[in-house]
Amino acid sequence: MFTRLREDIATIRQRDPAARSAWEVLTCYPGFHAIVLHRFAHACWLARRRWLARFISQVARFMTGIEIHPGATIGRRVFIDHGMGVVVGETAEVGDDCTIYQGVTLGGTLLTRGAKRHPTLERGVIVGAGAKVLGGFTIGENAKIGSNAVVVKPVPAGGTAVGNPARVISPADPKRSPEHAAFCAYGITPNAEDPVSLALHGLIDHAAGEKQRVDEIVAALERLGARLEALHGLDAAAVDLQRLSAAIQGVATTHAEAVEREHRALTGE
Ligand SMILES: CC(C)(COP(=O)(O)OP(=O)(O)OC[C@H]1O[C@@H](n2cnc3c(N)ncnc32)[C@H](O)[C@@H]1OP(=O)(O)O)[C@@H](O)C(=O)NCCC(=O)NCCS
């Protein structure tokens, strides 16, 4: 039990830049209190002490403003930040390392008793403040749900969904495998607005565009008969312009000779 508590405290200190000490987390983080009380409520629920489970859950709600149904399954290192107004339904499943902000509902749209009515969040999902995830579908690993999104369909692993009804705005990033995925506070891409980072991205895009153009020119010249094997696979910056110019001149000469030959054949000169 103490191992889990230490793990929960370490998780909060790691993910919340505002958390200064373990004591602060232990005493001032309603998300932490809600998760700890949910463990007792869930144990009672599984032991079929249903009333006691609901009662503990309601005490936790009164104390923290976070309502987690005792039947919900919550994984390890889950962090509910701020927490006020969070509602987690009976058949919801929250995977390890998920982060949930205030005002989130993991709710249902069905009234069928015993059915899977609430969503499943796979490992590492971040759900932004005020988002509603409604239905018994799955949000894939490391997906991000924007604040105030209303999600009514599955979101693929690594995707980002925003809006009402939510749409996936960026698909999975293959480089962000679960092993390499670092937590981004608030789900924001780190340094996305940093002017140096933006300038570098601009330069990289420009270089990639130039390289593509050089490749297209080389391909076009080869179609015209130039032999430019030496230029294949070179970076745009490494292209020998003199050699390229000589090659272009060669093609032009060959082309002019062919035209002249054709002209002579037609006119009989
Ligand atoms: C959704 C989110 C994870 C995306 O972060 P990101 O990957 O850095 O994406 P960007 O900021 O580059 O935004 C990408 C696009 O989505 C839009 N967008 C971002 N968040 C949005 C939201 N919540 N609702 C609607 N559109 C949103 C942006 O305007 C941008 O649109 P554009 O391409 O037309 O300009 C992030 O914006 C978010 O909502 N995080 C939750 C934060 C939160 O709840 N904080 C609470 C702290 S108490």
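**Burial, sheet order and ligand shell in a predicted model**

Leu106 counts as buried because 28 C-beta neighbours lie inside 10 Å of this residue, where 20 or more are required. The model described here is predicted. Leu106 belongs to strand β7, which comprises residues 105–107. Beyond the neighbours within four places in sequence, the contacts of Leu106 are with Val88, Gly89, Ala92, His118, Pro119 and Val133. A further spatial relation links Leu106 to Leu134: the two residues are separated by 28 residues in sequence, yet their C-alpha atoms are 6.1 Å apart.

The strand that holds Leu106, β7, takes part in an open sheet of five strands, ordered β1-β4-β7-β10-β13 and paired in parallel. The edge positions of this sheet are occupied by β1 (67–68) and β13 (150–151); each has a single partner strand, so one side of each is left without a neighbour in the sheet. Within the sheet, β7 pairs in the parallel sense with strand β4 (residues 87–88) over two bridges. In this pairing, Val87 stands opposite Thr105 of β7. Val88, a residue of β4, is among the contacts of Leu106.

A second open sheet contains four strands in the order β2-β5-β8-β11, again with parallel pairing. Here β2 (73–74) and β11 (138–139) form the edges, and each has a single partner strand, so one side of each lacks a neighbour in the sheet. Two bridges connect β2 with strand β5 (residues 93–94), and the two strands run parallel. The bridge partner of Ile74 in β5 is Val94.

Antiparallel pairing is found between strand β14 (residues 160–162) and strand β15 (residues 167–170), which are joined by three bridges. Thr160 has Ser170 of β15 as its bridge partner. The hairpin of β14 and β15 has four residues between the strands, and Gly163 adopts a positive phi near 95° in this hairpin.

Helix α1 spans residues 2–15, a total of 14 residues. The distance from its first C-alpha to its last is 20 Å, close to the 20 Å expected at 1.5 Å a residue. Asp8, Thr11 and Ile12 are the buried residues named in α1. These residues lie on the same side of α1, because the arc that they cover around the axis is only 95°. An α-helix has 3.6 residues a turn, so residues three or four places apart point the same way. The elements covering the buried residues of α1 include α2 (22–28), α3 (30–46) and β3 (79–80). Phe2, Thr3, Arg6 and Glu7, by contrast, are exposed on the other side of α1.

The ligand is surrounded by 17 residues, of which Gly128, Ala129, Gly146, Ser147 and Gly187 come nearest. The composition of this shell by class is seven nonpolar, nine polar and one charged residues.

Taken as a whole, the protein chain contains six helices and 15 strands. Of its 269 residues, 29% count as buried, Leu106 being one of the buried residues. Contacts between residues at least 6 apart in sequence were also examined for the protein chain, and 33% of them join residues at least 24 apart.

Technical notes:
Residues are numbered from 1 along each chain as its sequence is written. This is a predicted model: local features need pLDDT of at least 70, side-chain atom pairs count only at pLDDT 80 or more; totals for chains, interfaces and linings use all residues. A residue is buried if 20 or more other C-beta atoms lie within 10 Å of its own, exposed if 12 or fewer, and partly exposed in between; C-beta atoms are placed from the backbone. Two residues are in contact if their C-beta atoms, placed from the backbone, lie within 7 Å. The expected span of a helix is 1.5 Å times one less than its number of residues. The arc is that of the directions from the helix axis to the C-beta atoms. Two strands pair if DSSP finds at least two bridges between them. A residue is near a molecule or strand if its C-beta atom, placed from the backbone, lies within 6 Å of it. Ala, Val, Leu, Ile, Met, Phe, Trp, Tyr, Cys and Pro count as nonpolar, Asp, Glu, Lys and Arg as charged, and the others, Gly among them, as polar.
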